[in-house]
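Colleague: I have a few quick things to ask about this model before we move on. Can you take me through the helices and a couple of their residues?

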Amino acid sequence: MESCPTKTERLAQIELNKQLYNDLFNEQYSGRYSGWQVVALFYAAVHCVEITIIKITSSPSSDHKGRRATMNSLSAFRSVRRQYEYLFQAGHKARYECARFTPQDVSSLYNDLEAVESGLSEHLR
């Protein structure tokens, strides 16, 4: 049975994902890795959501579908559902449709991650 990452491990992973986003944003790549940037942003959001779900329900999500269903059932996510959904959809497109993203798209998704972090901040402390 797989163990569930601790809150500390998830918070560290959020920071690692954001650092990867920033590393890939480096001028020399000029958008070449925009899909990976989007994936890193999405999974940072996943960890924010999981920390919150575990704090409220005491158990983690089993998969993306379950996570989204839990988010829809809890008022704590009301203010961030739209931003998380944007990240979810973009992450899916990056992973499964080989989508490319403009710098503006990526910047907007980064803002969505910041909104998720801000909206869930009381649970992330």
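**Helix packing and two buried residues**

Modeller: Gladly, and please keep in mind that this is a predicted model. One residue to begin with is R10, which counts as buried because its relative accessibility is 7%.

Colleague: Which helix does R10 lie in?

Modeller: R10 lies in helix α1, which covers residues 7–24.

Colleague: And what does R10 touch, not counting residues up to four places away in sequence?

Modeller: Leaving those neighbours aside, R10 touches C4 and P5, and also H47, E50, I51 and I54. There is also a pairing across the chain to look at, since the C-alpha atoms of R10 and L124 are separated by 9.7 Å while the two residues are 114 residues apart along the chain.

Colleague: Back to α1 as a whole, which of its residues are buried?

Modeller: In α1 the buried residues are R10, I14, N17, K18, Y21 and L24. Viewed down the axis of α1, these buried residues fall within an arc of 130°, so they line one face of the helix.

Colleague: What do the buried residues of α1 pack against?

Modeller: They pack against α2 and α5, whereas the face of α1 turned away from its buried side carries the exposed residues T8 and L16.

Colleague: What span should α1 have, and how far apart are its end C-alpha atoms?

Modeller: The 18 residues of α1, at 1.5 Å a residue, should span 26 Å, and this agrees with the model because the end C-alpha atoms of α1 are 26 Å apart.

Colleague: Changing topic, at what angle do the axes of α2 and α5 cross?

Modeller: The axes of helix α2 (residues 34–57) and helix α5 (residues 103–119) cross at roughly 10° and come within 10 Å. Angles under 35 degrees count as roughly parallel, so α2 is roughly parallel to α5.

Colleague: Which residues make that contact?

Modeller: From α2 the contact is made by S34, Q37, V38, L41, A44, A45 and C48, and from α5 by V106, L109, Y110, L113, V116 and E117. Sorted by class, the contact of α2 with α5 has ten nonpolar, two polar and one charged residues.

Colleague: Q37 caught my eye there; is Q37 buried or exposed?

Modeller: Q37, which is found in helix α2, counts as buried because its relative accessibility is 4%.

Colleague: And what does Q37 touch, again not counting residues up to four places away in sequence?

Modeller: On that basis Q37 touches Y21, L24, F25 and V106. Of these, Y21 and L24 are among the buried residues of α1, and V106 is one of the α5 residues that make the contact with α2.

Definitions and conventions
Residues are numbered from 1 along each chain as its sequence is written. This is a predicted model: local features need pLDDT of at least 70, side-chain atom pairs count only at pLDDT 80 or more; totals for chains, interfaces and linings use all residues. Side-chain values use heavy atoms; hydrogens and water are left out. Axes are lines fitted to C-alpha atoms, for helices over the stretch in contact, and angles run from 0 to 180 degrees between N-to-C directions. Helices (H or I, at least four residues) and strands (E, at least two) are DSSP runs, numbered from the N terminus. Angles under 35 degrees count as roughly parallel, over 145 as roughly antiparallel, 65 to 115 as roughly perpendicular and the rest as oblique. Contact means heavy atoms within 4.5 Å. Ala, Val, Leu, Ile, Met, Phe, Trp, Tyr, Cys and Pro count as nonpolar, Asp, Glu, Lys and Arg as charged, and the others, Gly among them, as polar. Buried means under 20% relative accessible area, exposed over 50%, partly exposed in between (1.4 Å probe, protein chains only). The expected span of a helix is 1.5 Å times one less than its number of residues. The arc is that of the directions from the helix axis to the C-beta atoms.
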